[in-house]
Amino acid sequence: MRTWKAVSLTALVALLFGVFFIYPVVMVIGEAFYDKESGFTLAYVGEVFSNPVYVEGIWNALLLGITSTVASLLIAMPLALLAHRYRFPLKGALSALILVPLVLPPFVGAVGVKQMLGVKGALNALLGELGLMDPATPIDWLGEGRFWGIVIMNALHLYPILYMNIAAALSHLDPAMEEAAQNLGCSPWRRLRRITLPLTMPGIFAGGAIVFIWSFTELGVPLVFDYSRVAPVQIYDGIKDLSSNPFPYALVAIMLVISSVVFLISKALLGRSNLGTAPRPKGEQTEKRLRGVKGWLVTALFLGVFLVASLPHLGVIFLSIATDWYGSILPEGITGAHYQEALGHPLVVSSIQNSLVYATGSMLLDLILGLAIAWVVVRSTIRGRALLDALVMLPLAVPGLVLAFGYLALAQEGRTFHFLVGELQDPTILLVIAYAVRRLPYVVRAAVAGLQQSNIALEEAALSLGATPMRMMRRIALPLLSANLIAGGILAFAFAMLEVSDSLILAQQAEHYPITKAIYSLLSMLGNGYELASALGVWAMVFLGISILGAVVLAGRRGGLFRI
Amino acid sequence: MRGNWKKYLGILAPLAAVVAAPMVMRETGAEGARATEVRLEVITPHTETIRREFGEAFAEHWEEKTGESVYVNWRVPGGTSEIKRVLDGAYEAAAGIGKEGIGIDVFFGGGAFDFIAQAKLGRFETLRIFETQPELFGKGGIPAMVSGEPYYDAGHLWVGAVLSSFGICYNVDLVAGRGLEPPSRWDDLGDPGYARGIALADTTKSASVTKSFEMLVQQKIQEELAAAEEPEAHEVVVARGWDKSMRLIQRIGANSRYFTDSSAKIPRDVAQGDAVAGMCIDFYGRTFSEGLKKADGTSRLQFLTPTGGSSISVDPVAVLKGAPHPELAQAFVEFVLSREGQMLWAAAPGTEMGPKYRALRRLPIRPDLYEGETLAAMVDGAAMPYEKAEKFTYDPSLTGHLFTPLRNIVRVMCIDAHEEMKEAWAALIAADFPPEATAKFHDVSAVAYEKAGGTIKSTLKGSKVDAIRMLGDLAGSFRANYKEARRLARKGR
């Protein structure tokens, strides 16, 4: 890429990112660095480190982040490799289903977990039935589980992110490389260690970075386990505190610094395949057919992971049709009344329309921006591109509330973003941008990994043969990247549909509610609010499930991401 | 693409069906956002159940009265802390461009604490209702204050719309399973039999939760004063009562699983058996209990207002400065306090006075409605809040000035040090409360009465950095105590 183009693209992206991310965030967390009397101050940051409760909170968050990432990798890597190498019964359906646990609607996801793992939950009821537990002294899974409980929940929720990225990386792998190793007498383990793993490293890193930052800053799961000594919960508690002390924002700033440092270090260590970029696969990937018991064993593994990861979802589904569900394996009775009431509620239809607009808009914006950023990061040689890469990851590490507070203040009459909402206080454009900013990392990571693996020689060849840059993009670069862009796009869309913190504050009027805020409103309804919210949550799950399967089925053929 | 249409259809058809389902099932009516010209902008933390009833009832009332149609456009940014953010940001921005208002008419719901803070900032208009209907506030009307809780603003800037109080909810099965007596007062929740089983609300995030703790403290001090021997100095007895209340709060805190800011979480967790008992807002407790009623009339979730030491606070309503529709906003306040509006809170759904869709199960603020046919129409009239409140005399001189310190003391003593506290508590229970360890656990000298009203109070008022530092130090001293108590308990001392 020519330098001036890279520079102007970088400048544009940096400007957008600066205005819509850094500016609002700095405005909010800046409070923690300002004192009325002395101006700039580091006193709050100093207090974080001198208070053992907060140091422990940061430490716990870091440990949760690392262990959750490793655990997710332990689930995703074998699955991705098996799916890459072998053909087994029901493979098509399973390799798409395995992604579905990602679609856990907010708020009710926690309720689903509790229905399953609570003291009077389904698991204890099952253990009681089987005679494995004395019903008089039930196990308090959530109360006792704590750290490892959170790690397991995180891993079961987040492994699809790694799986998708690894699968995309594997699809770029030239079978010739592996075949060559095999022909030269390399054992399967050695081949995995010396050839396959190094070549898929960009994908592992892309997914791992997201999973790490996600679980490092995860708020919901620790709250379910009532685990309060972890930084994200401490930040949340501090922000909600009546005394409006700016102290928690100092904690946010520290989390941001840690996230970027970990990202930059691991990128330096793992981010690039040390075997260089592989040439594009020339032949069709040859999958070995696993016959008989072996094949079914792999099928059982996939199915098992899917089922265990779907426990919270099952909890939500059962709750949405339950008359009452307490101390028994299955609900006491079944009713459709919650669906009737929830889907019939006047908030619902408009919230579905709104969510579709917000999520689609932000996904498109992310695809354009993400591709541009990835291009600069991978294909240009301008200085500071690594920094740009790290900066783009930060939206994952900023608590949604902080960004939302920034937008809220800036959207007021007379302030910078007011023109985006106008007199009617219509937050559509603001929300599309807010959603896009927070989901940009998924697309950037996926696109960067794809570009690193795809061979630049093909692009250069097209250009030297006289193709215009646009034509080269359309005919060469984009098709080669499509698996990665689809993976990133799916994540961006699904998480935008499930967005919570921005929209709760910014979409204040019923006519602008997204689906998540409708779920939240139903949850607070007296009496059967949890069941109603579950019913709408199931609707969201089904919708997103079909959308993801659809995207995989329709695009898989071209991208080679998931062969069905 | 050709030949693939089956694939496309296979995905688009179910997707279309999923999207169509809610459109088909949509209830008719209750629309009208776009049909009407006038929108009353109301910012509120009230739940959807309440919003829907009041929005539709006010629109009907207004149309009947004036022939004009109006739509209540609820602004819901979240809970009260988010509303505070919205108001702060909007008024700050408005001041910057020389505007008085922020395009919102009414602030409805939240706690008196939030309304007092906003009134101080000059963000409310004077309410017309105090002039048009002075009888509501005269003899037998809404009192200015009940047990230290203000019910309306002396300057007539806000007025309480409905009552609310904290009580105890408990799970009948689990209480019996642990071999405990059903709780009847706050003290009971400090019984070690409830270890890891109590669900508590968070004092740092809600003023009304702090108020409940203050009432508990108040009760302990009054008990101590009543039992005191003559020659003892008043301050000594008060300080002793304070210490006792701190130890009770420690015991309850040590039993607790968490401190939450979500009002619905506690009754839900207790109902589902994830907690044995908890501190619960009255109307949530009643609704959950009712919802779980079996055919034989029993319910596994019970709600009660503990005897003595419970405070009844209000959810107020106010008209915001520079409201775009000042007339309509004042009329909304008048409607909320009218007999019609008040009975929406309390009457059974579907009855003449009641709400359309669901019972709200809340208690009206107007004392004159607690008699005759209106009392008979109330679902929970038997609660008789004003009668109950009279039985307990609140003395503001004892704890009134310690409100903010108390909120922070609970935080450093129980919330920030919760992990160490629970471990120490478990060790104490296992060793059957050996004296030295128990004394260490219950060492509350760092937050003694004179310190709470002295250094703690003044530091909290001072610089924010100093406040944070002090809270960190206090939490540190409690953590050290708890660790030491655990060590001693394990040695059986």
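**Exercise 1. The contact between the chains**

Determine how many residues of chain A are in contact with chain B, and which helix of chain A gives the most to that side.

*Solution.* Step 1. In this predicted model, 63 residues of chain A are in contact with 62 residues of chain B. Contact here requires C-beta atoms within 7 Å.

Step 2. On the side of chain A that touches chain B, helix α25 (residues 529-559) of chain A gives the most, with nine residues.

Step 3. By residue class, this side of chain A comprises 31 nonpolar, 20 polar and 12 charged residues.

**Exercise 2. The largest nonpolar core**

Identify the residues that touch the most other members of the largest nonpolar core, and state where the core lies with respect to the domains of chain B.

*Solution.* Step 1. The largest nonpolar core holds 335 residues. Ala494(A), Leu536(A) and Ala277(B) touch the most other members.

Step 2. Domain 1 (38-163 + 313-390) and domain 2 (166-311 + 395-490) of chain B both contribute residues to this core; therefore the core lies between them.

Step 3. Take Leu536(A) as an example. When residues up to four places away in sequence are not counted, Leu536(A) touches Ala342(A), Val348(A), Ala518(A), Ile519(A) and Leu522(A).

Step 4. As general background, nonpolar side chains tend to be buried together in soluble globular proteins.

**Exercise 3. The fold of chain A**

Describe the secondary structure of chain A, and decide whether its radius of gyration agrees or disagrees with that of a compact globule.

*Solution.* Step 1. Chain A contains 25 helices and four strands.

Step 2. For 564 residues, a compact globule would have a radius of gyration near 24 Å. Chain A has 24 Å, which agrees.

Step 3. Along the principal axes, the C-alpha atoms of chain A fill a box of roughly 70 × 65 × 50 Å.

Step 4. Of the 564 residues, 54% count as buried. Among contacts in chain A with a separation of 6 or more, 80% are between residues 24 or more positions apart.

**Exercise 4. The fold of chain B**

Carry out the corresponding analysis for chain B, covering its helices and strands and its radius of gyration.

*Solution.* Step 1. Chain B contains 20 helices and 12 strands.

Step 2. The radius of gyration of chain B is 25 Å, close to the 23 Å given by the globule rule for 493 residues, so chain B is as compact as a globular protein of that length.

Step 3. The C-alpha trace of chain B spans about 75 × 70 × 55 Å along its principal axes.

Step 4. Of the 493 residues of chain B, 51% count as buried. Among contacts in chain B between residues at least 6 apart in sequence, 77% join residues at least 24 apart.

How values were computed. Residues numbered from 1 in each chain as written. Chains lettered and ligands numbered in written order. Helix = DSSP H or I, 4+ residues; strand = E, 2+ residues; numbered from the N terminus. Rg over C-alpha atoms; globule rule 2.2 N^0.38 Å. Buried ≥ 20, exposed ≤ 12 C-beta atoms within 10 Å, placed from the backbone. Contact = placed C-beta atoms within 7 Å. Nonpolar A, V, L, I, M, F, W, Y, C, P; charged D, E, K, R; others polar. Core = buried A, V, L, I, M, F, W, Y, C linked by C-beta atoms within 7 Å. Domains from an automatic or database assignment.
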